Structures are given as C-alpha cells and as structure tokens.
Amino acid sequence: MLPRLEYIKQARMRLGITQRKLAGLTGVSTSMINQIESGRCKPSYETARKIFEALGSLEGRTSMKAGDICSRKLISVQKDEQLHEAIDLMRLNSISQIPVLDGSKVVGILTEDGLAKIMVEREEGELKDVKVSQVMESPPPIVDVSTPAKALVPLVRFAKCILVSEKGNVIGIVTITDTLKMVE
C-alpha cells in the first residue's frame, strides 16, 4: 500500500526539489507531476510507486542523523564525585541532565527530576556527603551517530536524553530540544 498522494508535494517541498527534478528522477513528465500534486489527475499504481520510491530514496540520503543534531559539548561527572559538585556543574552549564561515568564508561545519569525527588525524600544535612553513585539513575540509551534522527524522537520522549556514540566512544547527547533541529 502506498502513502496518500498529498504526501508527494509535501515530501518534494521538504526535500527542496522542483517538480522538474522529481520528474527527471522518475521518468514521469513535469506536467504529470504538477497534475498529481494539484489533484487534477490520479496516477496509475506504477507511476505513484515510482514517485514514492524516488522520494524515499532522496529522504534516505538527506535525512538528518543523530550525529547531526546532538550537542557535542558533552558535560559529564564521575560516579565518585560529590553530589553538590555535580549540581553546581549542572547549574553552571544550564543543563537538566548529566551523564555519570566510571572512567570512560557510562554508568548512569543525574536528572533534575531525579534530584528533586531525592531532595524531597532526604533531609538537607543528609545530602552534604552524598556521592553521585548513590543517587544516579539508570544510564540513558546510547545510539550510533548514523541513527536516523527521526527514530530518536519517540525514544527521547521516554528517556529524556540519548547519548550518541561514534566507534564506541560517546561523543554527544540528544535532548528533546535537540530534536527540534529537524524542523529548522
């Protein structure tokens, strides 16, 4: 089953290609592309399939990847650091979550939500000597730089952030705000 015909114009515009360019890629006349997009003509199944395949191929080549939208200034803390140091680092950099490392391995995350919960549950004096490892949450998902950015949207809504790796090394972070770069 093929997508709706209205998608043709939307996809073509999003990709920034002309009707003439799409016609050249599909072997369909520019006039036919124009008629299909304006709703004056219903193409055969074969013609519609050719058009959607060409658009899909272009989208696959031009789609943004995780490496394109991630923030590469990755700020992190070590698991044995004092919690107050991690909080100061988060405040200083205006970030809402910070990965926790053991050496170079990601072992957890500190989030504003998690910290707020801890502050409600514990007395102020109890937090003075707390280590990051005592209050960190499970580590966020890690994806490769080549992961399509569109695939990250549902994941980041669930996980709040995603770490991005290249050749096994974490090189960036994607937050909900970073996914908005796909709209620009």
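**Met-32 and the three-stranded sheet of a predicted model**

Met-32 is located in helix H3, which spans residues 30–38. The structure described here is a predicted model. With a relative accessibility of 27%, Met-32 is classed as partly exposed, because this class lies between the limit of under 20% for buried residues and that of over 50% for exposed ones. Lys-42 lies ten residues from Met-32 along the chain, and the C-alpha atoms of the two residues are 9.5 Å apart.

Confidence in the model was examined for the protein chain and by element. The mean pLDDT of the protein chain is 88, and a value of 70 or more is reached by 95% of its residues. Helix H4, comprising residues 45–62, has the lowest confidence, with a mean of 80. The highest confidence, at 96, is found in strand S1, which consists of residues 77–78.

Strand S1 also takes part in an open sheet of three strands, arranged in the order S1-S2-S3 and with mixed pairing. S1 and S3 are the edge strands, each of them pairing on one side only. The mixed character of the sheet can be followed through its two pairings. S1 and S2 run parallel and are joined by two bridges; in this pairing, Val-77 has Val-100 of S2 as its bridge partner. S2 and S3, the latter covering residues 105–111, run antiparallel and are connected by six bridges. Val-100 appears here as well, standing opposite Gly-108 in S3. Val-100 is thus placed across from Val-77 and from Gly-108.

The connection between S2 and S3 is a hairpin, with two residues separating the strands. Within the turn, Gly-103 adopts a positive phi of about 75 degrees. Strand S2 itself, formed by residues 97–102, is mostly covered, with five of its six residues buried.

The sheet is accompanied by helix H6, which extends over residues 83–93. Helix H6 lies across S1, S2 and S3, and the helix runs at about 75 degrees to S3.

How values were computed
Residues are numbered from 1 along each chain as its sequence is written. This is a predicted model: local features need pLDDT of at least 70, side-chain atom pairs count only at pLDDT 80 or more; totals for chains, interfaces and linings use all residues. Side-chain values use heavy atoms; hydrogens and water are left out. pLDDT is the predictor's confidence in each residue, from 0 to 100. Helices (H or I, at least four residues) and strands (E, at least two) are DSSP runs, numbered from the N terminus. Buried means under 20% relative accessible area, exposed over 50%, partly exposed in between (1.4 Å probe, protein chains only). Two strands pair if DSSP finds at least two bridges between them. Contact means heavy atoms within 4.5 Å. Axes are lines fitted to C-alpha atoms, for helices over the stretch in contact, and angles run from 0 to 180 degrees between N-to-C directions.
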